Amino acid sequence: MKIPFLGNRHVKPGARDPEGIAELLAECELLRSQASREGVQLDDTAASLEALDQLVPRWRDDAEVLPWLGNDAGLYLGTVIVRTVPGASWDLRPDGQPVIRLASGREFDVVGSGHEWASSGAPELSQLYAEVAEA
């Protein structure tokens, strides 16, 4: 049955939608909420990463929030990289872990970096971005 306004809905099993994945990973609701409460607007730029680095880390006192915020911080870092570094894209490892892949083939575990940042503040998100943007 063909219904013209639905378009071609046949998708290969296992096919990935890079734009859909990027939009989903860019949500980072907890981080965006925390940043907004502190007056920081997350606009997917390197400057917003610098602003995040300057926040007082009140989340470190909440053991339930810390891992979620670390995850969001990594996803947000990845979002900024994908949107501003030519040739950078999201990729999923076989275990489902989202990573950033540069045009050179180098891979960055931004979620792991986000967890480190959330728990200790180091390395800073803006510093990680600068290292990836140079590569």
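## A buried cysteine before helix α2

Cys-28 is buried, with a relative accessible area of 4%, and its place in this predicted model is the loop that joins α1 to α2 (29–37). The backbone of Cys-28 deserves a second look, since phi there is near 45 degrees, a positive value in a residue that is not glycine. Most residues other than glycine have a negative phi, and most peptide bonds are trans.

A similar feature appears at Asp-44, which lies in the loop between α2 and α3 and has a positive phi of about 65 degrees although it is not a glycine. Asp-44 counts as buried because its relative accessibility is 14%, which falls under the 20% limit used for that word.

## The chain as a whole

The protein chain holds 6 helices and 3 strands, and, read from the N terminus on, these elements follow the order α-α-α-α-β-β-β-α-α. Of the 135 residues in the chain, 36% are buried, while the chain exposes about 8,300 Å², of which carbon and sulfur atoms supply 52%. Among the contacts with a separation of 6 or more, 57% are made by residues 24 or more positions apart.

## How confident the prediction is

The pLDDT averages 86 over the protein chain, and 86% of the residues score at least 70. Over residues 1–15, however, the pLDDT is below 50, and this stretch has 0 contacts in the model beyond near neighbours in sequence. In the protein chain, confidence is lowest in helix α1 (residues 18–25), with a mean of 73, and highest in helix α3 (residues 46–53), with 96.

## The three-stranded sheet

The strands form an open sheet of 3 strands in the order β1-β2-β3, with antiparallel pairing. Because β1 (89–92) and β3 (107–108) stand at the edges, each with a single partner strand, one side of each is left without a neighbour in the sheet. Strands of a sheet pair through backbone hydrogen bonds, either parallel or antiparallel.

Looking at the pairs one by one, β1 and β2 run antiparallel and are joined by 4 bridges, and within this pairing Asp-91 stands opposite Val-99 in β2. These two strands, β1 and β2, form a hairpin with 5 residues between them, and in its turn Gly-96 has a positive phi of about 90 degrees. On the other side of the order, β2 (residues 98–101) pairs with β3 in the antiparallel sense over 2 bridges, and Ile-100 has Phe-108 in β3 as its bridge partner.

## Helix α4 and two of its buried residues

Helix α4 (residues 65–84) lies across β1 and β2, and the helix runs at about 135 degrees to β1. Two residues of α4, Asp-72 and Thr-79, show how this helix meets other parts of the chain. Is Asp-72 buried or exposed? Asp-72 is buried, since its relative accessible area is 11%, under the 20% limit. Leaving aside residues up to four places away in sequence, Asp-72 touches Cys-28, Glu-29, Leu-30 and Leu-31, so that the buried cysteine described at the start is among its contacts. A polar atom of the Asp-72 side chain also lies 3.1 Å from the backbone nitrogen of Leu-31. The C-alpha atoms of Asp-72 and His-115 are separated by 8.6 Å, although these residues are 43 residues apart along the chain.

Thr-79 is buried as well, with a relative accessible area of 2%. A polar atom of the Thr-79 side chain lies 2.9 Å from the backbone oxygen of Leu-75. Which residues does Thr-79 touch, not counting residues up to four places away in sequence? They are Leu-25, Ala-26, Asp-44 and Trp-90, and one of these, Asp-44, is the buried residue of positive phi in the loop between α2 and α3.

## A cis peptide bond between α5 and α6

The loop between α5 (110–120) and α6 (125–134) is the place of Pro-123. The peptide bond from Ala-122 to Pro-123 is cis, and its omega is near -5 degrees.

Conventions:
Residues are numbered from 1 along each chain as its sequence is written. This is a predicted model: local features need pLDDT of at least 70, side-chain atom pairs count only at pLDDT 80 or more; totals for chains, interfaces and linings use all residues. Side-chain values use heavy atoms; hydrogens and water are left out. Two strands pair if DSSP finds at least two bridges between them. Contact means heavy atoms within 4.5 Å. Axes are lines fitted to C-alpha atoms, for helices over the stretch in contact, and angles run from 0 to 180 degrees between N-to-C directions. pLDDT is the predictor's confidence in each residue, from 0 to 100. Buried means under 20% relative accessible area, exposed over 50%, partly exposed in between (1.4 Å probe, protein chains only). Accessible areas come from the Shrake-Rupley method with a 1.4 Å probe; for residues, only the protein chains shown count as cover. A polar contact is a pair of N or O atoms within 3.5 Å; within protein, one must be able to donate a hydrogen and the other to accept it, and residues adjacent in sequence count only if both atoms are side-chain atoms.
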